[in-house]
Structure formats: structure tokens, C-alpha cells
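This report walks through the interior of one protein model, from its packed side chains to the empty spaces left among them. Please keep the sequence and the 3D view at hand while reading.

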Amino acid sequence: MELNSSITEFILFGLTQDVEKEKIVFVVFLFLYIGILLSNSLIIITIGCSGMLGSPMYFFLFYLSFADACFATSTAPKLIVDAVSKKKDISYNECMTQIFAVHFFGGMEIFVLVIMSFDRYVAICKPLRYTTIMSQHVCGALLKLAWLGSCIHSTVQVSLIVKLPFCGPIVVDHYFCDVQPLLKLACIDTYVINLLMVSNSGTICMVSFILLIISYGFILHSLSHRSAEGRKKAFSTCTSHITVVILFFVPCIFTYTRPLVTFPVDKMVAVFYTIGTPLLNPLIYTLRNADIKKAMKKLWCNQQ
């Protein structure tokens, strides 16, 4: 192989090389991406403009929707454009920027989901102390920690890959730039780097997932002391949240907690957490939430 220590661009393989299938990919993912932007923007505008949704849960849901929209934007537009392009190239700098964006907003989503589970735990298990524990100051501090954690995580990911020497051909077997596909193109032994990647992304995914499951475990256990109506409402909320957690974290854990091996299903698994979750989050958190639906109805009907 030819050593390219000064790579200027990569070629993204995409989801498929079949021309007819690429047309389907273009149409399907264009509509999915538009749906992601519209649904998450609707939640952001509704929470931002409505005085009815001032509780910490909606404060964090606002930023979850923002992270979802940005997370999908870091991969979907390139996938859509490449589906109708003859040359699926991406510059080296754009590739590094995409890695940073994917891991920054992906990390942000993980940390916000953890904070939201803590918020639900306090609201259901310690209702009398809820306003004291989840004060405006505490919510702001938790959000700043989420931003900081995401920034550190994504910076570490980029630093693992940015100085690697690459060998030609420079075809990335994926539809977006990520650490693992790029490690396969490196001209050096990447065992240690992959180990560092697993200890970074893998640990964040696993620890966050375990914390979320424990949190919702405590919540479900506490429901035994509630009335039938309260138990039903809280259980419905927890079920929707757990659904989001499983759909997002299981694919992430599958991707980032294993050795440097690839499977044919990898790209479809990535679609689940880069496209599927940002699309499902607004549906799950909105359609099952009477307060948000009421606020949307009041806000948008008054505009007319």
C-alpha cells in the first residue's frame, strides 16, 4: 500500500453502491431528515415560547431536541447529497469536523438523557424535595457539565485520529467519518488507539446505560406505593423513556465497545442512533405528553 501521510480527502463508501438503491436512499433519508428538523424544531419553539412548560423536565427536553437536530445534521445532509453524487469525497478537515460534531452532539444527547432520568427519579421518588433539588441553579449547572463533558469527549476522539498516517486507497467504508472506519485505513498498529477509543466512547455508553437502567429501576420500584392512577401515569412515562434509552444505547454499545472488527450490519446499526433516535425522540416525548400537546395547541392556535 502507498503511504499517504498528508491526506487531503477521503471517499465515503455510503450505504450502498447500487444506483437504484441510492435513489431510494436519497428520497427516504431526505424525508426522514426533514421530519427530524420539523419535529425537533416544533418542540424547541413550543417549549421556548410557552409559559406553561417551565419545569426542569421541559428545560432538558428543549436541549435534547436541540442535540437531536444537530446530531442528525452532522451526518444526514452528507448522506443525502452523496446518494445523488458521482464522487462521494469529503476533505480531511471536513472529516475531522464531522467526527467532532457526531461525538459532541451524540455525547450531549447521552448526558442530557442521564440528567433527564435523574430528574424523573427525583420527581417521582422524592416529590416533596423536587423543587429544592432541581432548582434553576442546579439545572443550569448540570447542563453546563453536559456541554463540558461532550466537548472533552469529542476532543479526545479527534485527537486519537488526527495525527495518524493513512494508507491508500482512502475509501471509508461508512456513510460518515468516524474513528473506527478511519482506524482501518491507518498504516500503523492501532490496537492501543482502539483501546483508548473503547475506554472513551465505550465507557461513556456503558456507564450511562447502566445508570439509566438503575435510575428507572428505582422509579419503577417506587411505583408500588402509588395509587393506581399515579402508577399508571408514571409507568407510561418511564416506558417511553426506557424505549428511547434502549433504541439509542444498544446500537451505540454495539458499535463502540468492541475490538476493531467490522460487520455488514454496522452501517444500518449506525442509522438507528444517528437518524432513528433523533426522529423517534420528539414522537415519544410529545405524543405521550399531554402538557406539550396542550401547549402546542394553545401556541399555534393563537398564532392563527
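Which residues of the largest nonpolar core touch the most other members? In this predicted model, that core holds 87 residues, and those that touch the most other members are F10, L61, I161, F166, L182 and F249. The element that gives the most to this core is helix α4, which spans residues 92-125 and supplies 17 residues. As a general background, nonpolar side chains in soluble globular proteins tend to be buried together.

**A serine in helix α4**

Helix α4 also contains S117, a residue that can be followed in some detail. Is S117 buried or exposed? Because its relative accessibility is 2%, and buried means under 20%, S117 counts as buried. When its neighbours within four places in sequence are left aside, S117 is in contact with L212, S215, Y216 and I219. The side chain of S117 also reaches back to the chain itself, where the backbone oxygen of V114 lies at 2.6 Å. A further relation links distant parts of the sequence: S117 and H241 are separated by 124 residues along the chain, yet their C-alpha atoms are 8.1 Å apart in space.

**Two cavities**

Rolling a probe the size of a water molecule over the atoms shows where empty space is left. In this structure, two cavities of 30 Å³ or more are found, and the table sets them side by side.

| Cavity | Volume | Lining by class |
|---|---|---|
| Largest | about 130 Å³ | nine nonpolar, five polar and no charged residues |
| Second largest | about 70 Å³ | six nonpolar, two polar and four charged residues |

The largest cavity is lined by 14 residues, of which H103, G106, I110, H153 and Y256 are the closest to its centre. The elements that give two or more residues to the lining of this largest cavity are α4, α8 (191-222) and α9 (228-256), and α4 gives the most, with five residues. Helix α4 is thus named twice in this account, since it gives the most both to the largest nonpolar core and to the lining of the largest cavity.

For the second largest cavity, the lining includes F13, G14, L15 and T16, together with E22, V25, K78, L79, D82, A83, K88 and Y175. Here the elements that give two or more residues are α1 (19-49) and α3 (76-82), and the largest share of the lining, three residues, comes from α3.

Key:
Residues numbered from 1 in each chain as written. Predicted model: local features only at pLDDT ≥ 70, side-chain atom pairs only at ≥ 80, totals over all residues. Heavy atoms only, no water. Core = buried A, V, L, I, M, F, W, Y, C linked by side-chain atoms within 4.5 Å. Buried < 20%, exposed > 50% of the residue type's maximum accessible area, 1.4 Å probe, protein only. Helix = DSSP H or I, 4+ residues; strand = E, 2+ residues; numbered from the N terminus. Contact = heavy atoms within 4.5 Å. Polar contact = N/O pair within 3.5 Å; in protein donor to acceptor, adjacent residues only side chain to side chain. 1 Å grid on protein atoms, 1.4 Å probe; cavity = no way out; pocket = protein on both sides within 12 Å on 5 of 7 lines; lining within 4 Å. Points joined across faces, edges and corners; volume = space filled by probe spheres on them. Nonpolar A, V, L, I, M, F, W, Y, C, P; charged D, E, K, R; others polar.
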